[in-house]
Amino acid sequence: MDSEIVLRLDRKTAEDLYGTLYEVGEHIAAGAPMTPPTHDEVERLAQVLRDLAHSLGRRCNPYCDHV
Ligand SMILES: [Zn+2]
């Protein structure tokens, strides 16, 4: 499939991503409070965002030269 994107995640990052998406969903659906992420969670999720941006052909920040 031409438009398929594959991201490989270690287990910790996958757990962080699952937890964040779940909490965002509950927050949007029912106003549930969101738990502030730890520093390590922020670091792992920021890397996911950078990787996803690059996979989509987007810059990860205004100065990005990775694409
Ligand atoms: Zn970049």
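Helix α2 has 17 residues, and at 1.5 Å a residue they should span 24 Å (the expected span is 1.5 Å times one less than the number of residues); the end C-alpha atoms of α2 are 24 Å apart, which agrees. This is a predicted model, in which local features need pLDDT of at least 70, side-chain atom pairs count only at pLDDT 80 or more, and totals for chains, interfaces and linings use all residues. Residues are numbered from 1 along each chain as its sequence is written.

**The chain as a whole**
- The protein chain has 2 helices and 0 strands; both kinds of element are DSSP runs numbered from the N terminus, with helices being H or I of at least four residues and strands E of at least two.
- The radius of gyration of the protein chain is 14 Å, while a compact globule of 67 residues would have one near 11 Å (taken over C-alpha atoms, with a globule rule of 2.2 Å times the number of residues to the power 0.38).
- Along the principal axes, the C-alpha atoms fill a box of roughly 35 × 30 × 25 Å.
- Just 1% of the 67 residues count as buried (20 or more other C-beta atoms within 10 Å of a residue's own; 12 or fewer is exposed, in between is partly exposed, and C-beta atoms are placed from the backbone).
- Of the contacts with a separation of 6 or more, 52% come from residues 24 or more positions apart (a contact means C-beta atoms, placed from the backbone, within 7 Å).

**Helix α1**
- For the 20 residues of α1, 1.5 Å a residue should give a span of 28 Å, and its end C-alpha atoms are 28 Å apart, which agrees.
- α1 is hardly covered, with a count of 1 buried residue among its 20.
- Lys 12 lies in α1 and is exposed, with 11 other C-beta atoms within 10 Å.
- The C-alpha atoms of Lys 12 and Asp 40 are 9.9 Å apart, although 28 residues separate them along the chain.

**Where the helices meet**
- The axes of α1 (residues 11-30) and α2 (residues 39-55) come within 9 Å and cross at roughly 90° (axes are lines fitted to C-alpha atoms, for helices over the stretch in contact, with angles from 0 to 180 degrees between N-to-C directions).
- The two helices are therefore roughly perpendicular to each other (65 to 115 degrees; under 35 is roughly parallel, over 145 roughly antiparallel, and the rest oblique).
- Lys 12, Thr 13, Asp 16, Leu 17 and Thr 20 of α1 make the contact with Glu 41, Arg 44, Leu 45 and Val 48 of α2.
- By class, this contact has 3 nonpolar, 2 polar and 4 charged residues (Ala, Val, Leu, Ile, Met, Phe, Trp, Tyr, Cys and Pro are nonpolar, Asp, Glu, Lys and Arg charged, and the others, Gly among them, polar).

**Loop and helix ends**
- Pro 36 sits in the loop between α1 and α2 and is exposed, with 7 other C-beta atoms within 10 Å.
- Gly 31 follows α1 with a positive phi near 75°, and Gly 57, just after α2, has a positive phi of about 80°.

How values were computed:
Contact = placed C-beta atoms within 7 Å.
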